[in-house]
Amino acid sequence: MSTTNEPAEPIPTGILATAKQAWGDLFKWKQRVVVTNEYGETRTEWQEPDPIVNPISLFAQLGARDWLFFLVGLTAWTADAFDFHALSIQQVKLAKYYNRSKTEISTAITLTLLLRSVGAAFFGLAGDKFGRKWPMVLNMIVLGVLQIATIYSHTFQQFLAVRSLFGLFMGGVYGNAIAMALEHCPVNARGLMSGILQQGYSLGYVFAACANLGVGGATDSWKTVFWAAAGISIGVGIIRIFFPESKQFLEAKKAGKKSMSAGAFWKETKQMLGQEWKMCVYAIILMTWFNYYSHTSQDSYTTFMLTQKGMENAGASRASILMKTGACVGGTIIGYLSQFFGRRRAIIVSALISGILIPAWILPEGERALSATGFFMQFFVQGAWGVIPIHLNELSPPAFRSSFPGITYQVGNMISSPSAQIVNAVAEKTFITGSTGKPAPAYGPTMGVATAIIATGIMVTTAFGPEKRGRRFETAVAGVEQSEPQKVLDEEKGDMTEQKATEEKVEKVEKI
């Protein structure tokens, strides 16, 4: 972004005053930016947004190491999503296998999402203290083992227990993956790379739907999909072992910093929460809306096509694949445009259009029509999501860029964990005339009403919230502190700065 040097009013401290300012800034083309110099002094100014840049030139700004870290983060996030959707896309098969209702099967989704926040807290903080590498290696390998354990769960109770453990380890992937992938990206390429990264979630869904299509509609075929998911997760974990640690974490150590004790690290974390609690609360509210947004509009969509629309497994799987292909495209494009039009504007416009598309999303009949409308619906749902990884990173306290996005994202997941269960429970108790002319569970109307409410919540929350587009990613890392020589150098630098300022004042007085 080019600096105009036009001064702006500083960001206020009160919640209502900040929300009022954020709402007003939404309708101004220039962006209010807090600039910090090398001495820690801050000022607020208006800056012009970046011009739209050819995405190929943005790709070229990333070096080989930058691409390496990005691809590792993307692969881990895609494998994580494949593991999750291997269950959500096969609810009908699992209901037959365990002789349970689809609502009871969706309890496993609720438990998974509920416990992800615990894993996010533990592994996110571990990533900030010990680095991104080994927490992710542990996560991915254990996830693969738990996928195998799901296959050998002979009772429904065993199935639920394993999926609960699965959620615990699944929660640790997101924060470390997006921190690893984005913290090395050049500032003006972050929007594009964020959009691509977030669509690892949709890509995981596409792979799960392809696997489901490949194995057919037989009840026991769900196990084959889980075997594939296990192999991918364990493979990613093993491959990650052979790649280096995060550049940000290594540079912080090289700069003369040493590891804190566990007690000092937790003390620093508490201080961060004490100072940044408003931002934490805001991010959790935003991520609660967003997690309801994605899970309500996708987890039961295949079930909707199988039950209400009377489609076969193959047709429903093909429609699901095209639907999430739209998500991949939309997330990439809108994440890219958010770099120029603003994070909040991109989210609000996407949520608005998705709300307008709801009737076209649930009313059509047949595979072709449902594929087309599902494509465009998820284009804008995941288009809004494509902005989230970089938006959360820019809002994060500098030293907690691994834990803050992961924890706020997963706490939002925890609060929204009953989303699929709520949709299934309401739909299975409300019947409409299906495509076959017989009564069918009202999945379409239930998902439509819920998505409309959620899209409205996202627009309102985002409109009155903060934005820090273009923020520089400092090399501060939680869990490390300056060594004594570095402290001395910093103190000397401060003394010299103070002395220089004093000399300048004396010189001015003499001139007068």
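**Contacts, salt bridges and surface features of the predicted model**

Leaving aside neighbours within four places in sequence, G465 is in contact with A22, Y282 and R344. The structure is a predicted model. G465 is found in the loop between α23 (443-463) and β7 (480-482). The residue G465 counts as buried, at 0% relative accessibility. Buried here means under 20% relative accessible area, so G465 falls in that class. A further pairing concerns A19. The C-alpha atoms of G465 and A19 are separated by 6.1 Å. Along the chain, G465 and A19 are 446 residues apart.

A second loop residue is S300. S300 sits in the loop between α14 and α15 (301-307). Its relative accessible area is 1%, and S300 is buried. The side chain of S300 makes a polar contact with the side chain of N424, at 2.8 Å. N424 also appears among the contacts of S300, once neighbours within four places in sequence are left aside. The other residues in contact with S300 on that basis are Q91, A420, V423, Y443 and M447.

Q90 is a third buried residue in a loop. Its place is between α3 (64-88) and α4 (91-98). Relative accessibility of Q90 is 1%, and Q90 counts as buried. A polar atom of the Q90 side chain lies 2.7 Å from the backbone oxygen of A86. Q90 also touches N212, S221, W222, V225 and F226, not counting residues up to four places away in sequence.

Charged pairs were examined next. A search of the whole structure finds ten salt bridges. One of them joins K30 and E48. The closest N and O atoms of K30 and E48 are 3.9 Å apart. This pair links distant parts of the chain. K30 lies in the loop between α1 (15-25) and β2 (31-36), whereas E48 lies in strand β3 (residues 42-48). K30 and E48 are 18 residues apart. K30 counts as partly exposed, at 27% relative accessibility. E48 is likewise partly exposed, with a relative accessibility of 27%.

A further salt bridge forms between the side chains of E45 and R43, at 3.1 Å from N to O. The two partners fall into separate accessibility classes. E45 is buried, with a relative accessible area of 3%. R43 is partly exposed, with a relative accessible area of 44%. The cut-offs make the assignment plain: buried means under 20%, and exposed means over 50%, so R43 at 44% falls in between.

The side chains of R318 and E367 also meet in a salt bridge, with an N to O distance of 2.8 Å. This pair, too, links distant parts of the chain. R318 belongs to helix α16 (residues 313-341) and E367 to helix α19 (residues 367-385). The two residues are 49 residues apart. R318 is partly exposed, with a relative accessible area of 38%. E367 counts as partly exposed at 28% relative accessibility. Elsewhere, E6, K30 and E48 are joined into one network by salt bridges that share partners.

Cysteines were considered separately. A disulfide is a covalent bond between the sulfur atoms of two cysteines. The structure holds zero disulfides. Two cysteines can be placed by their accessibility. C280 counts as buried, at 11% relative accessibility. C328 is buried as well, with a relative accessible area of 18%. The limit for buried is under 20%, so C328 at 18% is assigned to that class.

The surface carries a nonpolar patch formed by I15, W277, V281 and I285. Together these residues have about 390 Å² of accessible area. Helix α14 (residues 277-298) gives the most to the patch, with three residues. V281 is placed in helix α14. V281 is partly exposed, with a relative accessible area of 41%. Patch residues need over 30% relative accessible area, so V281 at 41% passes that cut-off.

Terms used: Residues are numbered from 1 along each chain as its sequence is written. This is a predicted model: local features need pLDDT of at least 70, side-chain atom pairs count only at pLDDT 80 or more; totals for chains, interfaces and linings use all residues. Side-chain values use heavy atoms; hydrogens and water are left out. A salt bridge is a side-chain nitrogen of Lys or Arg within 4 Å of a carboxyl oxygen of Asp or Glu. Helices (H or I, at least four residues) and strands (E, at least two) are DSSP runs, numbered from the N terminus. Buried means under 20% relative accessible area, exposed over 50%, partly exposed in between (1.4 Å probe, protein chains only). A polar contact is a pair of N or O atoms within 3.5 Å; within protein, one must be able to donate a hydrogen and the other to accept it, and residues adjacent in sequence count only if both atoms are side-chain atoms. Contact means heavy atoms within 4.5 Å. A disulfide is a pair of cysteine sulfur atoms within 2.5 Å. Patches are made of residues with over 30% relative accessible area and no salt bridge: like charges are joined within 9 Å, nonpolar side chains (Val, Leu, Ile, Met, Phe, Trp, Tyr) within 5 Å. Accessible areas come from the Shrake-Rupley method with a 1.4 Å probe; for residues, only the protein chains shown count as cover.
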